[in-house]
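Consider how charged side chains can pair within a folded chain. Please look at the sequence and the model below before reading on.

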Amino acid sequence: TSLAKQLTVPPYLERVPIIDEELRNRCLHLLTSLEPADGPEGNRADKLDTAVREMSVILEDRVRNVAGLEDKHLEGVKLMAAAFGGEDPILRFNTEQSIKDGAHHLYRGYSGFVRNEMMHRLVKTYTVERVLQLLGHVDYLLSLLTQSTRKLTQKQ
(Lines give C-alpha, C1' and ligand atoms only; values in the text may rest on other atoms or scores of the structure.)
Protein backbone atom coordinates (compact mmCIF):
# COMPACT_ATOMS: atom_id res chain seq x y z
CA THR A 1 0.00 0.00 0.00
CA SER A 2 1.09 3.58 -0.47
CA LEU A 3 1.23 4.40 3.29
CA ALA A 4 3.55 1.43 3.96
CA LYS A 5 5.65 2.53 0.98
CA GLN A 6 5.94 6.06 2.40
CA LEU A 7 7.10 4.83 5.83
CA THR A 8 9.73 2.47 4.45
CA VAL A 9 13.21 3.92 4.24
CA PRO A 10 14.68 3.38 0.77
CA PRO A 11 17.69 1.02 0.69
CA TYR A 12 20.15 3.79 -0.20
CA LEU A 13 19.12 5.73 2.93
CA GLU A 14 19.37 2.64 5.13
CA ARG A 15 23.06 2.45 4.24
CA VAL A 16 23.75 6.06 5.29
CA PRO A 17 26.06 5.69 8.31
CA ILE A 18 24.27 8.02 10.74
CA ILE A 19 25.19 6.90 14.25
CA ASP A 20 23.05 9.23 16.36
CA GLU A 21 19.72 7.45 16.79
CA GLU A 22 17.56 10.55 17.15
CA LEU A 23 19.14 12.16 14.09
CA ARG A 24 18.73 8.95 12.10
CA ASN A 25 15.10 8.43 13.12
CA ARG A 26 13.96 12.00 12.60
CA CYS A 27 15.89 13.00 9.50
CA LEU A 28 16.16 9.87 7.38
CA HIS A 29 12.42 9.32 7.67
CA LEU A 30 11.90 12.97 6.82
CA LEU A 31 13.99 12.50 3.68
CA THR A 32 11.92 9.42 2.91
CA SER A 33 8.72 11.44 3.15
CA LEU A 34 10.16 13.77 0.52
CA GLU A 35 10.76 10.89 -1.89
CA PRO A 36 8.50 11.15 -4.93
CA ALA A 37 5.70 8.59 -4.74
CA ASP A 38 5.79 7.94 -8.47
CA GLY A 39 7.46 9.62 -11.37
CA PRO A 40 9.94 12.48 -11.53
CA GLU A 41 11.42 14.31 -8.58
CA GLY A 42 8.97 17.18 -8.92
CA ASN A 43 9.24 19.78 -6.19
CA ARG A 44 11.12 17.65 -3.66
CA ALA A 45 14.13 20.00 -3.80
CA ASP A 46 11.84 22.75 -2.57
CA LYS A 47 11.43 20.85 0.70
CA LEU A 48 14.91 19.48 1.43
CA ASP A 49 15.60 22.47 3.65
CA THR A 50 13.06 20.94 6.05
CA ALA A 51 15.50 18.10 6.78
CA VAL A 52 18.35 20.58 7.30
CA ARG A 53 16.17 22.62 9.65
CA GLU A 54 15.30 19.51 11.66
CA MET A 55 18.93 18.41 12.02
CA SER A 56 19.83 21.93 13.13
CA VAL A 57 17.12 21.87 15.81
CA ILE A 58 18.36 18.47 17.02
CA LEU A 59 21.90 19.83 17.31
CA GLU A 60 20.78 22.93 19.21
CA ASP A 61 18.60 20.90 21.55
CA ARG A 62 21.44 18.51 22.31
CA VAL A 63 23.99 21.29 22.90
CA ARG A 64 21.51 23.06 25.20
CA ASN A 65 20.88 19.86 27.18
CA VAL A 66 24.51 18.76 27.46
CA ALA A 67 25.59 22.26 28.49
CA GLY A 68 22.71 22.57 30.95
CA LEU A 69 21.59 25.85 29.39
CA GLU A 70 17.96 26.34 30.32
CA ASP A 71 17.31 29.62 28.48
CA LYS A 72 15.11 28.53 25.54
CA HIS A 73 15.64 31.93 23.89
CA LEU A 74 19.34 31.19 23.56
CA GLU A 75 19.74 29.82 20.05
CA GLY A 76 22.02 29.62 17.04
CA VAL A 77 25.36 31.38 17.27
CA LYS A 78 24.54 32.78 20.73
CA LEU A 79 23.83 29.29 22.04
CA MET A 80 27.11 27.97 20.66
CA ALA A 81 28.99 30.93 22.15
CA ALA A 82 27.38 30.29 25.54
CA ALA A 83 28.28 26.59 25.41
CA PHE A 84 31.74 26.70 23.82
CA GLY A 85 32.97 30.30 23.91
CA GLY A 86 35.57 32.07 26.00
CA GLU A 87 38.55 30.96 28.02
CA ASP A 88 36.46 28.89 30.44
CA PRO A 89 33.60 27.44 28.36
CA ILE A 90 30.81 25.32 29.78
CA LEU A 91 31.63 22.53 27.31
CA ARG A 92 35.19 21.61 26.42
CA PHE A 93 37.12 18.83 24.76
CA ASN A 94 40.57 19.76 26.03
CA THR A 95 42.27 22.23 28.34
CA GLU A 96 44.28 23.81 25.51
CA GLN A 97 42.82 27.16 24.48
CA SER A 98 43.39 26.47 20.79
CA ILE A 99 41.27 23.30 21.04
CA LYS A 100 38.55 25.14 22.98
CA ASP A 101 38.57 27.90 20.36
CA GLY A 102 38.47 25.36 17.52
CA ALA A 103 35.43 23.60 18.99
CA HIS A 104 33.69 26.94 19.45
CA HIS A 105 34.37 27.87 15.82
CA LEU A 106 33.25 24.46 14.56
CA TYR A 107 29.85 24.60 16.26
CA ARG A 108 29.42 28.34 15.77
CA GLY A 109 30.34 27.99 12.09
CA TYR A 110 27.61 25.44 11.47
CA SER A 111 25.08 27.60 13.29
CA GLY A 112 26.04 30.80 11.54
CA PHE A 113 26.52 29.41 8.06
CA VAL A 114 23.98 26.58 7.70
CA ARG A 115 21.45 26.86 10.51
CA ASN A 116 20.78 30.59 10.26
CA GLU A 117 19.81 30.43 6.61
CA MET A 118 17.33 27.61 7.31
CA MET A 119 15.68 29.33 10.23
CA HIS A 120 15.05 32.61 8.43
CA ARG A 121 14.04 31.66 4.90
CA LEU A 122 13.07 28.83 2.61
CA VAL A 123 16.09 27.46 0.75
CA LYS A 124 15.20 25.65 -2.46
CA THR A 125 18.69 24.90 -3.70
CA TYR A 126 19.58 21.76 -1.73
CA THR A 127 20.17 18.39 -3.33
CA VAL A 128 19.76 15.06 -1.58
CA GLU A 129 23.55 14.60 -1.75
CA ARG A 130 24.21 17.93 0.02
CA VAL A 131 21.59 17.19 2.68
CA LEU A 132 23.21 13.80 3.32
CA GLN A 133 26.61 15.51 3.66
CA LEU A 134 25.17 17.94 6.21
CA LEU A 135 23.52 15.05 8.01
CA GLY A 136 26.93 13.40 8.36
CA HIS A 137 28.44 16.65 9.61
CA VAL A 138 25.75 17.10 12.27
CA ASP A 139 26.12 13.44 13.25
CA TYR A 140 29.83 14.13 13.82
CA LEU A 141 29.07 17.23 15.92
CA LEU A 142 26.60 15.22 18.00
CA SER A 143 29.17 12.48 18.46
CA LEU A 144 31.76 15.00 19.63
CA LEU A 145 29.32 16.22 22.28
CA THR A 146 29.47 12.80 23.93
CA GLN A 147 33.22 13.34 24.40
CA SER A 148 32.90 16.81 25.92
CA THR A 149 33.22 17.59 29.58
CA ARG A 150 30.94 20.07 31.28
CA LYS A 151 32.25 22.75 33.58
CA LEU A 152 30.98 22.42 37.10
CA THR A 153 28.79 25.36 37.99
CA GLN A 154 27.52 26.65 41.30
CA LYS A 155 24.08 25.12 40.58
CA GLN A 156 25.46 21.59 40.42
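The paragraphs below go through the salt bridges of this predicted model.

Side chains of opposite charge can pair when their charged atoms come close. Here a pair is counted when a side-chain nitrogen of Lys or Arg lies within 4 Å of a carboxyl oxygen of Asp or Glu. By this rule the model has 8 salt bridges.

One of them joins Arg 26 to Glu 54, with 2.4 Å between the closest N and O atoms. Arg 26 belongs to helix H3 (residues 21-33) and Glu 54 to helix H4 (residues 48-67), so this salt bridge links distant parts of the chain, 28 residues apart. Arg 26 has a relative accessible area of 44%, which means that Arg 26 is partly exposed.

Helix H4 also holds Glu 60, while Arg 115 lies in helix H6 (residues 97-120). The side chains of Arg 115 and Glu 60 form a salt bridge, at 2.4 Å from N to O. Because these residues sit in those two helices, the pair ties together parts that are 55 residues apart in sequence. Arg 115 and Glu 60 are both buried.

Another salt bridge is formed by Arg 92 and Asp 88, whose closest N and O atoms are 2.4 Å apart. Are these two residues buried or partly exposed? Arg 92 is buried, because its relative accessible area of 18% falls under the 20% cut-off. Asp 88 has 45% relative accessibility and therefore counts as partly exposed.

Salt bridges also connect residues into a network, made up of Asp 20, Glu 22 and Arg 62.

Definitions and conventions. Residues numbered from 1 in each chain as written. Predicted model: local features only at pLDDT ≥ 70, side-chain atom pairs only at ≥ 80, totals over all residues. Heavy atoms only, no water. Helix = DSSP H or I, 4+ residues; strand = E, 2+ residues; numbered from the N terminus. Buried < 20%, exposed > 50% of the residue type's maximum accessible area, 1.4 Å probe, protein only.
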